[in-house]
Structure formats: C-alpha cells, structure tokens
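User: Could you take a close look at one helix in this model and how it packs against its partner? I'd like one connected walk-through rather than a list.

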Amino acid sequence: MATISRQKTARFLIHLIFIMIIFVLPELVMNISMPNRRGASFFHIFYIKSAIFIAIFYVNFYFVIGRTIGRGTVNGIWRFIGWNILLIGVALFISTVLFRMNAPVRHRTVSPEHIHSARHALKSFSFILRDAVMMILTIALAVAIRLSDRWKMLEEHRRELHHEQKARELENLKSQLNPHFLFNTLNTIYALIDVNTDDARSAIHRLSALLRYMLYENPAEVPLARELEFIDNYIALMRLRLGDGLLDVRIDDGGHSDALVAPLLLVSLIENAVKYGNTGRPSDKIEIDIRVARGRLRCHTFNHFLPQESSDRGAGGIGITNLRRRLHLLYGFRASLSTVVTADTYTTDLSIPLNAEIK
C-alpha cells in the first residue's frame with residue numbers, strides 16, 4: 001500500500017511539473033516581460049490562470065476521459081467533446097470575468113467608445129483565443145498521459161498473461177516427456193533383483209534421482225553440471241536395458257559446469273534416439289555427443305531405425321515437436337535444432353546459448 005501511495009504521489013507531482021512548464025511558465029514569462037501589465041493585480045491573474053489550467057487537466061484526467069473516450073465508443077468521443085466544450089466555456093467565462101475584475105484601473109476607466117472599438121474587441125478576442133488554445137492543449141496533455149498510462153497498464157497485463165500462458169505451456173510440454181523409459185526401466189530393475197541386487201539397488205537410486213529432478217527440482221535455469229548429471233543417470237539406466245555396446249556416449253562440459261541452461265532439453269533427443277534406434281543389430285550404434293563450444297551447448301545424436309517403420313518415427317514424433325516449441329518459448333531464435341532423415345538413419349543437432357536470459 002505504501003508503494004502504491006508513493007507511486008500516486010510521484011505521478012501527481014510529475015503531472016503538475018508538466019503543466020507548470022508547458023502552460024503556466026509561458027503565462028508567467030509573458031506577464032513579466034510586459035511591465036505595463038504588472039501591478040497589484042498581476043499575481044491574482046497569474047494564480048487564476050494557473051488554477052484554471054490545473055483544474056482542466058485533472059478534471060479530464062480523473063473524471064472525463066475515463067467515462068468517455070476511455071470506453072472506446074463513438075458516443076464516448078462525442079460525450080468527451082461535449083464535456084470539454086462546456087468545461088472550456090465555463091473556464092473562459094470565469095477567466096474573463098476575474099480578469100476584468102482584477103484589471104488595472106486605467107483599463108476600467110477608458111471611454112466606452114474605446115472599450116467597444118474594433119481594436120479593443122480584436123485584442124480581447126485574441127486573449128480569449130489564446131486561453132482557449134492553451135486549454136485545449138491542456139486537455140490534449142491529459143488525454144495523452146491518461147491513455148499512455150492505460151496503454152502501459154494493458155501492456156503489463158498482456159505481458160503477465162503471456163508469461164503465465166508460457167509457463168503453463170512449458171509445464172504442459174515438460175509433462176509430455178515420454179514416460180516409456182520409466183516402464184522399461186522398472187521392468188529392467190525387476191529383472192535385476194534376482195540376478196544382481198547391487199545393480200538393481202544402483203538403478204533404483206539413479207531412477208529416484210532422475211524422477212526427483214524431473215518432478216520437483218523445476219527452476220527456469222539450472223547449472224550445466226546438474227543437467228549433465230541428469231543425462232548421465234538417464235543414460236546409465238538405458239545401458240542396463242540395452243547393454244554397453246549399443247550406446248556410444250561422449251559428454252564434455254568444457255569447464256563450464258556452472259553455466260546456466262534451461263532444464264530437460266537434451267533428454268528428448270536422447271530418448272528419441274534410444275526409442276527408435278535399431279537396437280536389434282549391435283553394429284548400429286546409437287551416438288550421443290554433448291559438448292560445449294564457443295559459449296553454446298551442443299547435442300548431437302545419431303541412430304539407425306528400421307526402414308519398414310513409419311516415417312513419423314524417423315522424424316521423432318511428438319517429442320521433437322514439443323522440443324522445438326520449448327526452444328522457441330525459451331530462447332526464440334537464439335537456439336537451433338536441425339534434423340536429417342535418410343532411408344534408415346536419423347540425426348539431430350541441437351545448439352543453445354549458455355547463460356542466456358530466458359524469455
């Protein structure tokens with residue numbers, strides 16, 4: 001509440017300074033520069049003009065604009081014009097009456113012929129026209145500032161909705177990571193229990209760490225070391241199911257273990273390569289190469305797949321589609337993902353910037 005109050009006070013002072021500089025200061029300078037107009041009534045006239053400009057500004061800013069053009073209708077525009085014509089008319093009447101009441105004596109004692117002369121009427125009209133123009137400019141300033149505040153408020157609201165929508169979409173995309181590895185791993189662990197309890201125990205430990213990372217440790221960015229540890233646990237579980245011979249893995253953080261990256265981006269590529277790789281032929285190795293080069297994290301995967309399988313499997317299915325969407329939401333055009341499909345091979349190359357600001 002205190003912050004909001006300070007913001008309102010600051011906005012009020014900024015408005016007041018603008019009005020004083022743009023509308024009141026010229027009036028003050030003009031009066032000072034015309035000695036024949038100065039007298040006991042000088043400051044009365046100056047204060048009257050200042051009060052009128054300030055009143056017109058704030059009546060529009062707080063009452064007229066929001067109830068008329070702020071609603072964005074044609075009727076609202078006409079109501080805005082009508083209210084301001086009335087406001088300007090009343091202000092000019094008050095200004096003229098008070099000016100004549102406070103005018104120097106020599107202006108009030110001139111002959112009636114002089115008062116009604118064309119020259120005097122033209123001069124009076126010029127002062128009224130000048131005041132009317134200044135009032136219109138005051139209204140224009142109120143409209144500009146009020147609509148600018150409204151636009152900024154709508155923009156902030158739109159940005160908040162965008163961030164919320166993006167966060168929900170990212171959560172939805174991350175939740176769609178294919179859970180097939182979980183079932184396969186559980187089956188592998190189940191088979192290992194009777195064969196090698198130490199390996200089964202190690203597998204359960206790795207699986208729990210992997211699931212904890214996916215489900216509970218969910219910041220926008222993580223150190224590269226944490227992401228690579230997750231990948232290492234994932235690959236270790238895959239080795240239990242596939243054996244050591246099928247996976248050719250190279251991981252090198254290049255001394256950038258503390259660099260920050262978005263989590264769970266690499267696993268989709270590795271999961272895709274393992275899922276669709278031709279694991280029935282030992283010579284068709286699944287290649288996984290993760291390294292840091294020139295301030296970017298690069299992930300390369302290569303696998304064979306059976307030619308008789310449908311083409312959508314070679315293209316990676318929904319996992320790659322989701323990954324592309326996540327990359328766009330997080331990094332925009334700063335990240336890249338390319339895929340190459342041949343008759344029986346599938347290659348992916350991912351590149352993301354390290355320590356880049358997440359959108």
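Analyst: Here is a look at helix α9, its packing against α10, and the loop residue before that partner.

First, the ground rules: this is a predicted model, where local features need pLDDT of at least 70 and side-chain atom pairs count only at pLDDT 80 or more, while totals for chains, interfaces and linings use all residues. Residues are numbered from 1 along each chain as its sequence is written, and side-chain values use heavy atoms, with hydrogens and water left out.

For the setting, the chain has 12 helices and 7 strands; these are DSSP runs numbered from the N terminus, with helices being H or I of at least four residues and strands E of at least two. Buried residues make up 36% of the 359 in the chain, where buried means under 20% relative accessible area, exposed over 50%, and partly exposed in between, using a 1.4 Å probe and protein chains only.

Now to α9, which covers residues 224–242. Its 19 residues should span 27 Å at 1.5 Å a residue, and the end C-alpha atoms agree with that at 26 Å apart; the expected span is 1.5 Å times one less than the number of residues. Among the buried residues of α9 are Leu224, Glu227, Leu228, Asn233 and Ala236.

The partner is α10, residues 267–276, and the two helices pack at about 10° with axes 11 Å apart. Axes here are lines fitted to C-alpha atoms, for helices over the stretch in contact, and angles run from 0 to 180 degrees between N-to-C directions. So α9 is roughly parallel to α10, a label for angles under 35 degrees (over 145 is roughly antiparallel, 65 to 115 roughly perpendicular, the rest oblique).

Who's doing the touching? From α9 come Phe230, Ile231, Tyr234, Ile235, Met238, Arg241 and Leu242, and they meet Val267, Ile270, Glu271 and Val274 of α10, with contact meaning heavy atoms within 4.5 Å. By class, that's 9 nonpolar, no polar and 2 charged residues; Ala, Val, Leu, Ile, Met, Phe, Trp, Tyr, Cys and Pro count as nonpolar, Asp, Glu, Lys and Arg as charged, and the others, Gly among them, as polar. Of the α9 side of this contact, Phe230, Ile231, Tyr234, Ile235, Met238 and Leu242 are buried.

Just past the end of α9, Gly243 takes a positive phi of about 95°. Ahead of α10, Leu264 sits in the loop that follows β3 (260–261). Leu264 has a positive phi too, about 60°, although it isn't a glycine, and at 3% relative accessibility it counts as buried.
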